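Biologist: Got a minute to go through this one with me? I'd like to hear about the empty spaces and the strands around them.

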Amino acid sequence: PYATLFRSEKEVMWRINENARLYVLDDPDNASPRLVTIAVSDLDAAVAELAERGIELTTLEQVGSAGRKATFTDPEGTTVSLIQVA
């Protein structure tokens, strides 16, 4: 069953099933038209694995009481975020 995990004026995240989350962001002014967000169970481990592969973190932030988010930007300008939901 679907469950809302996080909601604000411009973003929302739903749990689609035990292992899948859907994140939607309303950000028409973003310089990058592409945004991908992946929910992970261990953000620190995922960031460390990407660092071992030479992929450098752009930002790491607390997302309200919902969890933490790590953001990366690829050479084409796509924003890729990993989020760990509390």
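Modeller: Sure, we can go through the pocket, the cavity and then a strand and one of its residues.
Modeller: This is a predicted model, where local features need pLDDT of at least 70 and side-chain atom pairs count only at pLDDT 80 or more, while totals for chains, interfaces and linings use all residues. Residues are numbered from 1 along each chain as its sequence is written, and side-chain values use heavy atoms, with hydrogens and water left out.

Biologist: What volume does the largest pocket have?
Modeller: About 180 Å³. A pocket here is an open set of points on a 1 Å grid over the protein atoms alone, with protein on both sides within 12 Å along at least five of seven lines; a cavity is a set where a 1.4 Å probe fits but cannot get out.

Biologist: And which residues line the largest pocket?
Modeller: L5, N19, A20, R21, A39, V40, S41, I83, Q84, V85 and A86, where lining means having an atom within 4 Å of a point. They divide into 7 nonpolar, 3 polar and 1 charged.

Biologist: Which strand gives the most to that lining?
Modeller: Strand 7, with 3 residues. Strands are DSSP runs of E, at least two residues, numbered from the N terminus.

Biologist: Switching topic, how many cavities of 30 Å³ or more are there?
Modeller: The count comes to 1, and the largest cavity has a volume of about 40 Å³. Its lining is L5, F6, M13, Y23, A66, I83 and V85, which divides into 7 nonpolar, no polar and no charged. Strand 1 (3–7) and strand 7 each supply at least two of those residues.

Biologist: Strand 7 again. What does strand 7 pair with?
Modeller: Strand 4 (residues 35–39) pairs with strand 7 in the parallel sense over 5 bridges, with V36 opposite V80. Strand 6 (residues 67–73) runs antiparallel to strand 7, joined by 7 bridges, and there G67 stands opposite V85. Pairing needs at least two DSSP bridges between the strands.

Biologist: What about S81, buried or exposed?
Modeller: S81 counts as buried because its relative accessibility is 2%; the cut-off for buried is under 20%, with a 1.4 Å probe and protein chains only.

Biologist: Which side chain does the S81 side chain make a polar contact with?
Modeller: That of T71, at 3.2 Å. A polar contact is a pair of N or O atoms within 3.5 Å, one able to donate a hydrogen and the other to accept it.

Methods: Grid points are joined across faces, edges and corners, and a volume is the space filled by probe spheres set on the points. Helices (H or I, at least four residues) and strands (E, at least two) are DSSP runs, numbered from the N terminus. Ala, Val, Leu, Ile, Met, Phe, Trp, Tyr, Cys and Pro count as nonpolar, Asp, Glu, Lys and Arg as charged, and the others, Gly among them, as polar. Buried means under 20% relative accessible area, exposed over 50%, partly exposed in between (1.4 Å probe, protein chains only).
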